[in-house]
Every structure is written in structure tokens, then in C-alpha cells.
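Welcome, and please load the model in your viewer. We will go from one selection to the next, pausing at each stop to see what is there.

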Amino acid sequence: MSQIELENLAFAYPEKSFELSVDHQVLSDSMIAIVGQNGAGKSTIFKLLTGLLKAQSGKISVDGVEFSELDPKHRLQKIGITFQNPDDQLFNATVKREVEWSASQVMHDQDAISVKADAVLNKVGLAGKAGENPYDLSLSERKLLTVATVLVVDPEIYLFDEPMMSLDWPSRQMLTTIFHQLADSGHQIITITHDMDWVATEFSKVHVMERGMFKFEGTPRELFGDRELVQRVGLLPPRIMTVAELLGDSRTYLSPEDYQAQNSSY
């Protein structure tokens with residue numbers, strides 16, 4: 001399993017009052033959610049991790065190697081990202097060409113690239129759209145296409161910025177299954193999300209950011225059990241907890257199934 005280490009990391013946008021300040025943070029679990037209000041610094045962390053932004057000070061190490069020392073090809077093989085807005089990273093004439101272009105950054109055999117592109121398009125349910133222009137797809141389909149462009153490279157670490165945005169229920173289930181398959185095969189999945197019900201049921205570790213700093217690291221149960229923290233950083237608890245509180249039950253629940261398990265003896 002990969003490990004990302006952030007040390008004395010600092011970054012500030014010249015035109016904004018925001019400042020990122022991370023003394024020391026380690027991201028080492030297989031399924032990690034980074035949560036917090038808009039403007040907390042989550043997307044900035046992702047951009048620093050991929051080299052889209054350069055920190056003013058400090059360093060980022062991946063598996064003990066400083067990320068800035070890797071050449072472009074090895075960076076792509078180490079960390080891949082999908083943005084919140086899929087239109088920020090789609091630019092080819094067809095769906096399949098979009099995936100092939102990504103693969104060509106790390107592969108050279110055109111036949112192998114084509115075969116791999118077909119496989120990942122099938123995996124995300126877009127095999128029938130291979131010849132279409134990406135901008136003729138729905139927003140949900142474009143989100144899945146960006147996932148395919150990273151799957152085809154198969155980096156060790158996947159960064160997903162709001163991957164569930166605009167997806168219907170079957171697509172959400174499919175993508176969640178893909179994430180767990182990747183984690184089970186030794187990849188690291190790090191996701192920015194505002195979907196606390198998803199965080200509660202699917203992730204092993206949660207990191208909370210507030211005002212450019214990491215304020216919490218722990219399991220979903222530990223996070224949602226800290227009501228003061230959840231309220232202070234502007235998060236919503238899982239919906240089952242809201243329903244339970246209306247019934248006078250203030251215990252921590254992660255899902256309806258968790259509620260049923262904790263109350264099975266009653």
C-alpha cells in the first residue's frame with residue numbers, strides 16, 4: 001500500500017486570503033475520504049499532490065520518494081486524478097480517443113492501447129459510446145469517462161474529486177465497486193466528497209480539513225461520534241443519525257443496517 005507524507009507544507013494563492021499550512025500529515029489507508037467545507041483546502045491538496053500547484057515550502061513524499069524528483073511519466077504512474085468538473089480534462093474528438101490519449105502517456109504499443117481502452121470503457125459502462133464526441137455525453141457519462149482515463153493508466157494512487165457528483169444510483173454503485181476492487185488489489189483511493197452517507201459506509205479513514213489545515217483523522221464512526229467537530233466544520237451527519245435523533249436516540253449510526261444491528265436486541 002502506498003503512503004503519502006506531507007511535511008511543513010505551505011501554499012497561498014496571491015489573489016485570495018486562503019493559506020494552506022500542514023505541519024505533518026500521512027495518508028496511508030486504502031480508502032481515504034477528505035472532507036470539509038468549500039474553501040477548506042481539499043482541492044488545493046489534490047493539485048499539490050499532482051504537481052498542478054507548487055508549494056511555497058515543505059515537501060510531498062510518496063513511498064519515501066520526494067514527488068518533485070519523479071519525471072512526468074513516473075508521476076502519472078504514481079498518482080492519477082479526476083477533477084470535479086469533467087470538462088476540465090476532456091479534449092479529444094471521441095470517447096475512445098480520450099482514453100487512448102491517456103494510455104499513450106505511459107504505453108507505446110498502439111494495439112495494446114486500443115485493447116486496454118476498450119476494456120476500461122466497458123468497465124465504466126461506456127463501451128457503446130466509444131465513437132461519440134465526449135461533449136455529446138451527459139454530465140454523468142463525462143464523469144465516468146474521466147474515471148476511464150485514469151483507470152487506463154492504472155496509477156498506484158487514485159485521487160477523485162467529488163466522483164459521485166451527478167451520477168445516478170446504478171452508476172454510484174458501479175463506481176463504488178470499482179473503488180473497492182482497486183483498493184483490494186493494492187491501490188490507494190483518496191476521495192474528496194460532501195456525501196457523508198457514502199463516507200460513513202465505504203471508507204476506512206476520514207481526514208477533515210478546515211481553513212487550510214487538517215483538523216481530524218480517524219474512522220467514520222469516530223468522526224460522526226464527535227458532534228462538536230462535525231457541527232463546527234459544517235458537515236452533515238449520516239441521514240440515519242438525523243432520523244434517530246428525531247426519535248430521541250443520540251447514538252452514532254453509519255447506515256440503516258448499522259442502526260438495525262445496534263438495536264437488534266430490542
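## Stop 1: a charged pair

Start by selecting D63, which counts as partly exposed at 35% relative accessibility. Keep in mind throughout the tour that this is a predicted model.

Now add K78 to the selection: K78 forms a salt bridge with D63, and their closest N and O atoms are 3.3 Å apart. K78 sits in helix α2 (residues 72–78), while D63 belongs to the loop between β4 (57–62) and β5 (65–66), so this pair ties together parts that are 15 residues apart in sequence. Unlike its partly exposed partner D63, K78 is buried, with a relative accessible area of 15%.

## Stop 2: two helices and a bridge

Next, select D118 and K96. The two form a salt bridge whose closest N and O atoms are 3.0 Å apart. The pair links distant parts of the chain, with D118 in helix α4 (residues 110–123) and K96 in helix α3 (residues 95–104), 22 residues apart. Check the exposure of each end: D118 is partly exposed, with a relative accessible area of 37%, and K96 counts as buried at 18%.

Stay with helix α3 and colour the whole of it. How many of the ten residues of α3 are buried? Seven of them are, so the helix is largely enclosed by the rest of the structure. To see which ones, pick V95, K96, E98, V99, E100, S102 and A103. Then show what covers these buried residues of α3: the cover includes α4 and α5.

## Stop 3: a small enclosed space

Helix α5 leads to the next stop. Turn on cavity display, if your viewer offers it, and look for one cavity of 30 Å³ or more. The largest cavity has a volume of about 30 Å³.

Select its lining as sticks: T82, K143, L144, T146, V147, P163 and L175. Which helix gives the largest share of this lining? The answer is α5 (residues 139–151), with four residues. Colour the lining by residue type and you should find four nonpolar residues, two polar and one charged.

## Stop 4: strand β6 and G80

T82 was part of that lining, and strand β6 covers residues 79–82. Select G80, which lies in this strand and is buried, with a relative accessible area of 10%.

Show the contacts of G80, leaving aside its neighbours within four places in sequence, and you will find V150, P155, I157, Y158 and L159. For a distance to display, draw a line from the C-alpha atom of G80 to that of F160: they are separated by 8.5 Å, although the two residues are 80 residues apart along the chain.

## Stop 5: the nonpolar cores

Now for the largest nonpolar core, which has 54 residues. Which of its members touch the most others? Select L223 and F224 to see them. Helix α5 appears here again, as it gives the most to this core, with six residues.

Zoom in on F224. Setting aside residues within four places in sequence, F224 is in contact with M196, V199, A200, V230, L236, P237, P238, M241, T252 and L254. Apart from this core lies another, of 28 residues, and L9, F11, L49 and M209 are among them.

## Stop 6: strand β4 and S61

Move on to S61 in strand β4. Is S61 buried or exposed? It is buried, with a relative accessible area of 7%. Not counting residues up to four places away in sequence, S61 touches Q3, I4, E5, E7, E66 and F67.

## Stop 7: back to the charges

Side chains of opposite charge can pair when their charged atoms come close. The count for this model comes to 17 salt bridges, and one of them joins D249 and R251, with the closest N and O atoms 3.2 Å apart. Within this pair, D249 is buried, with a relative accessible area of 12%, whereas R251 is partly exposed, with 31%.

For a last selection, take D29, K205 and E217: salt bridges that share partners join these residues into one network.

How values were computed: Residues are numbered from 1 along each chain as its sequence is written. This is a predicted model: local features need pLDDT of at least 70, side-chain atom pairs count only at pLDDT 80 or more; totals for chains, interfaces and linings use all residues. Side-chain values use heavy atoms; hydrogens and water are left out. On a 1 Å grid over the protein atoms alone, a cavity is a set of points where a 1.4 Å probe fits but cannot get out, and a pocket is an open set with protein on both sides within 12 Å along at least five of seven lines; lining residues have an atom within 4 Å of a point. Grid points are joined across faces, edges and corners, and a volume is the space filled by probe spheres set on the points. Ala, Val, Leu, Ile, Met, Phe, Trp, Tyr, Cys and Pro count as nonpolar, Asp, Glu, Lys and Arg as charged, and the others, Gly among them, as polar. A nonpolar core is a set of buried Ala, Val, Leu, Ile, Met, Phe, Trp, Tyr and Cys residues joined through side-chain atoms within 4.5 Å. Buried means under 20% relative accessible area, exposed over 50%, partly exposed in between (1.4 Å probe, protein chains only). Contact means heavy atoms within 4.5 Å. A salt bridge is a side-chain nitrogen of Lys or Arg within 4 Å of a carboxyl oxygen of Asp or Glu.
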